[in-house]
Structures are given as C-alpha cells and as structure tokens.
Amino acid sequence: MTSMNFTRKDPPQWLLDFWKEIDDKTFGNGFDCFADDAVCNLGVADWHGRDTIRNNLRQFIDRGFTAHHDVVEYWDGGSIKMFHGKVRMTFDDKSPPVVRPTMTHFFYMDQNDPTKVSRWLGAVGPTEF
C-alpha cells in the first residue's frame with residue numbers, strides 16, 4: 001500500500017496555460033507541460049507522445065464545438081496532481097444545448113523532470129443521459 005498526502009491549492013500556471021490552449025484552439029506552448037514521451041488516457045484515448053496528444057486533441061475539439069474549462073478544485077500530491085473541473089461545450093450547430101460536464105483528471109509528473117507531466121488520465125462526462 002502507498003500513502004500520499006494531497007494539498008488543495010490554486011491551480012498552477014502550467015495547468016491554466018494548457019487548458020487555455022485548448023479553449024483558444026491554439027494548441028501551442030501550453031502543451032509544453034508534457035514530457036516528449038507522455039501518455040494520455042482520456043476516456044477511450046490511448047495517445048503516446050506530446051505531439052500526438054496535441055494533434056489528437058486538436059482533431060477532437062475541431063469537430064464542431066468550442067470548449068471552455070473551469071477549475072473547480074486542484075489538489076497537489078507532489079508526484080501526482082488531481083484536477084476537478086467543468087467544461088462548457090458550445091456546439092457549432094446551435095440545435096443541441098450547451099453542456100457542462102464534470103471532468104476529473106490525474107496528472108502524473110515525470111520522475112526525471114517533475115515539472116513535466118508523464119501521464120495524463122482523465123474522464124469527462126457524461127454529456128447527457
């Protein structure tokens with residue numbers, strides 16, 4: 001068994017910059033928080049490498065909606081960071097309503113460079129029942 005203490009904190013700038021890149025659909029330097037060989041398991045995604053994560057998120061977001069991420073809480077456990085938030089999804093086709101599903105994400109920091117994320121596990125939704 002492993003124990004870890006978490007401290008609730010304000011979200012770090014790297015996390016805010018990352019979400020802003022997605023919200024603004026710029027997909028630039030905010031992704032520098034990931035190690036080159038980072039792994040992302042977001043829902044059913046199994047993406048390997050920072051550039052693959054960036055490119056696949058770009059393709060997903062560019063499929064008919066705009067996202068806006070809001071931080072509800074951020075917990076720092078040292079080598080693991082936890083994020084809880086809401087994402088407002090506004091669809092290009094105005095017939096579906098705007099949705100605000102809950103998000104939960106775990107960011108595992110790289111052992112060799114603890115300023116970089118080596119693994120991102122996340123879940124969003126559901127967007128409807």
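Helices and strands are taken here as DSSP runs, with at least four residues for a helix and at least two for a strand, numbered from the N terminus. With these names in hand, Lys25 can be placed in the loop between α1 and β2. The model is a predicted one, and a good place to start is this loop and the helix before it.

Lys25 comes just after α1 and has a positive phi of about 55°, although it is not a glycine. With a relative accessible area of 30%, Lys25 is partly exposed. The loop between α1 and β2 also holds Phe27, another residue other than glycine with a positive phi, in this case near 50°. Phe27 is buried, its relative accessible area being 3%.

Helix α1 itself spans residues 13–23, and its buried residues are Trp14, Leu15, Phe18, Trp19, Glu21, Ile22 and Asp23. The cover over these buried residues includes the helix α2 (50–61) together with β2 (34–42), β4 (65–76), β5 (80–91), β6 (102–109) and β7 (117–124). Several aromatic residues of this helix reappear in a cluster linked by ring pairs: Trp14, Phe18 and Trp19 belong to it, as do Phe27, Phe31, Phe34, Phe83, Phe107 and Trp120. Phe27, already met in the loop between α1 and β2, is thus part of both pictures.

The strands come together in one open sheet. Seven of them take part, in the order β1-β4-β5-β6-β7-β2-β3, and the pairing is mixed. At the edges stand β1 (7–9) and β3 (47–48), each of which pairs on one side only. Beginning at the β1 edge, three bridges join this strand to β4, and the two run antiparallel. Lys9 stands opposite Tyr74 of β4 in this pairing. Next, β4 and β5 are paired over 11 bridges, again in the antiparallel sense, with Asp70 opposite Lys86 in β5. These two strands form a hairpin with three residues between them, and in its turn Gly78 has a positive phi of about 85°.

Towards the other edge, β2 and β7 run parallel and are joined by five bridges. On its other side, β2 pairs with β3 in the antiparallel sense over two bridges. Val39 offers a handy reference point for both pairings: Arg119 stands opposite it in β7, while His48 is its bridge partner in β3. Cys40 has Trp47 as its bridge partner in β3. Four residues lie between the strands in the hairpin of β2 and β3, where Gly43 takes a positive phi near 65°. Seven of the nine residues of β2 are buried, so this strand is largely enclosed by the rest of the structure.

Aromatic contacts also occur elsewhere in the model, the count of aromatic pairs coming to 13. In one of these, the rings of Phe60 and Phe65 have centres 5.4 Å apart and planes at 75°; because planes over 60 degrees apart count as edge-to-face, the pair is of that kind. Its two members differ in their surroundings: Phe60 is partly exposed, with a relative accessible area of 43%, whereas Phe65 counts as buried at 6% relative accessibility. Phe65 also pairs with Phe91, the ring centres lying 6.1 Å apart and the planes at 55°, so this second pair is tilted. The pair of Phe65 in strand β4 and Phe91 in strand β5 links distant parts of the chain, 26 residues apart. Phe91 counts as partly exposed, at 22% relative accessibility.

Phe60 leads on to the largest pocket, which has a volume of about 400 Å³. Its lining is made of 20 residues, and those nearest its centre are Leu42, Leu57, Phe60, Met89 and Val124. At least two lining residues are supplied by each of α1, α2, β4, β5, β6 and β7. By class, the lining has 16 nonpolar and four polar residues, with no charged ones. The elements that supply this lining include helix α1, whose buried residues were described above.

How values were computed. Residues are numbered from 1 along each chain as its sequence is written. This is a predicted model: local features need pLDDT of at least 70, side-chain atom pairs count only at pLDDT 80 or more; totals for chains, interfaces and linings use all residues. Side-chain values use heavy atoms; hydrogens and water are left out. Buried means under 20% relative accessible area, exposed over 50%, partly exposed in between (1.4 Å probe, protein chains only). Contact means heavy atoms within 4.5 Å. On a 1 Å grid over the protein atoms alone, a cavity is a set of points where a 1.4 Å probe fits but cannot get out, and a pocket is an open set with protein on both sides within 12 Å along at least five of seven lines; lining residues have an atom within 4 Å of a point. Grid points are joined across faces, edges and corners, and a volume is the space filled by probe spheres set on the points. Ala, Val, Leu, Ile, Met, Phe, Trp, Tyr, Cys and Pro count as nonpolar, Asp, Glu, Lys and Arg as charged, and the others, Gly among them, as polar. Rings of Phe, Tyr and Trp (its six-membered ring) pair if their centres lie within 6.5 Å; planes under 30 degrees apart count as stacked, over 60 as edge-to-face and the rest as tilted. Two strands pair if DSSP finds at least two bridges between them.
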